[in-house]
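Welcome! Let's take a friendly walk through one protein chain, looking at a helix, a strand residue and a group of paired strands.

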Amino acid sequence: METFPVVDLSKLNGEERKPTMKVINDACENWGFFELVNHGISHDLLDAVERLTKEHYRRCMEQRFKEMVASKGLEAVQSEIDDLDWESTFFLRHLPESNLAEIPDLGEDYRKTMKEFALELEELAEQLLDLLCENLGLEKGYLRKVFCGSKGPTFGTKVSNYPPCPKPDLIKGLRAHTDAGGIILLFQDDKVSGLQLLKDGQWIDVPPMKHSIVINLGDQLEVITNGKYKSVLHRVLAQTDGTRMSIASFYNPGRDAVIYPAPELVEKEEKESQIYPKFVFEDYMKLYAGLKFQAKEPRFEAMKAVESTINMGPIATA
């Protein structure tokens, strides 16, 4: 069985840069996921994020989740539930403007820690986008520029907890989907598993590793790379024991960013290989909101219908 790709970012600075870049490229082409170690984010910060997130869940979210379960009678379900997920979540926005100060029940220490964490993840996301450019033969900064739009990228965090579930065979922690956006950076529980990706028709566990950051690619990178890199279906299985923490940060294009295959990647292929549409990111997100748990291909086809209305200017690279 193939080994889940793990990338040691510290090896980019020495003689092992070339094989490390190859691992990243192979992971993007064949998995849509990889796991980062030695990524530059301090273990102390990660430990603080985990501690404060779990404290916040117990203090502010756990009882609400139990009340929701009771109100819907979920503990007694006898057939598969396909219209909700066994998760407790809240969302933080970082770019273009932060909403951290507006979330009512976050302690000051938690706010400060999550702000610091977001800045580290933003820097890491931009570093990764440049590494993808290098592997793809694109000019450095190309992906970051495509993501910018007129007001810069959008960047936010979904903080989730997946409590113990009495019926994990009937309710998913999170139903299978691809992510709509750009590049996703996940800090997940290192003790309670549950995240799986679909590869070659088989569901494969994404292994929990302490202090690692899991990376996966969203639909926008599939479009921009003209399908060289793929977004991949993934899901979270509910578990009978333990509450799984998941902190997924989404580094996405700006709302008005125009997304289309990079011309360099189209020109290297046959002309008829231009199977991906051109669209405004916000329009794609509106469509995705109602179709998240369906296949991505019909979403791409639907965007082709509005393609002719979009003006596409050149991408300036720094």
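Covering the buried residues of helix α8 are, among others, α5 (219–224), β13 (279–280) and α7 (281–291). In α8 (residues 296–304), those buried residues are Lys296, Arg299, Phe300 and Met303. They line one face of the helix, because they fall within an arc of 100 degrees when seen down the axis of α8. Here, buried means under 20% relative accessible area, with exposed over 50% and partly exposed in between (1.4 Å probe, protein chains only). The arc is taken from the directions from the helix axis to the C-beta atoms. Helices (H or I, at least four residues) and strands (E, at least two) are DSSP runs, numbered from the N terminus.

This is a predicted model, where local features need pLDDT of at least 70 and side-chain atom pairs count only at pLDDT 80 or more, while totals for chains, interfaces and linings use all residues. Residues are numbered from 1 along each chain as its sequence is written, and side-chain values use heavy atoms, leaving out hydrogens and water.

Next, visit strand β3 (residues 88–95), the home of His94. His94 counts as buried, at 10% relative accessibility. Neighbours within four places in sequence aside, His94 is in contact (heavy atoms within 4.5 Å) with Ala118, Phe155, Gly156 and Thr157.

Finally, strand β7 (residues 195–199) is largely enclosed by the rest of the structure, because four of its five residues are buried. Two strands pair if DSSP finds at least two bridges between them. The partners of β7 are set out here:

| Partner of β7 | Bridges and sense | A residue pair |
|---|---|---|
| β10 (residues 234–236) | three bridges, antiparallel | Leu195 opposite Val236 |
| β8 (residues 202–205) | four bridges, antiparallel | Gln196 with Asp205 |

In the hairpin of β7 and β8, two residues lie between the strands, and Asp200 takes a positive phi near 55 degrees.
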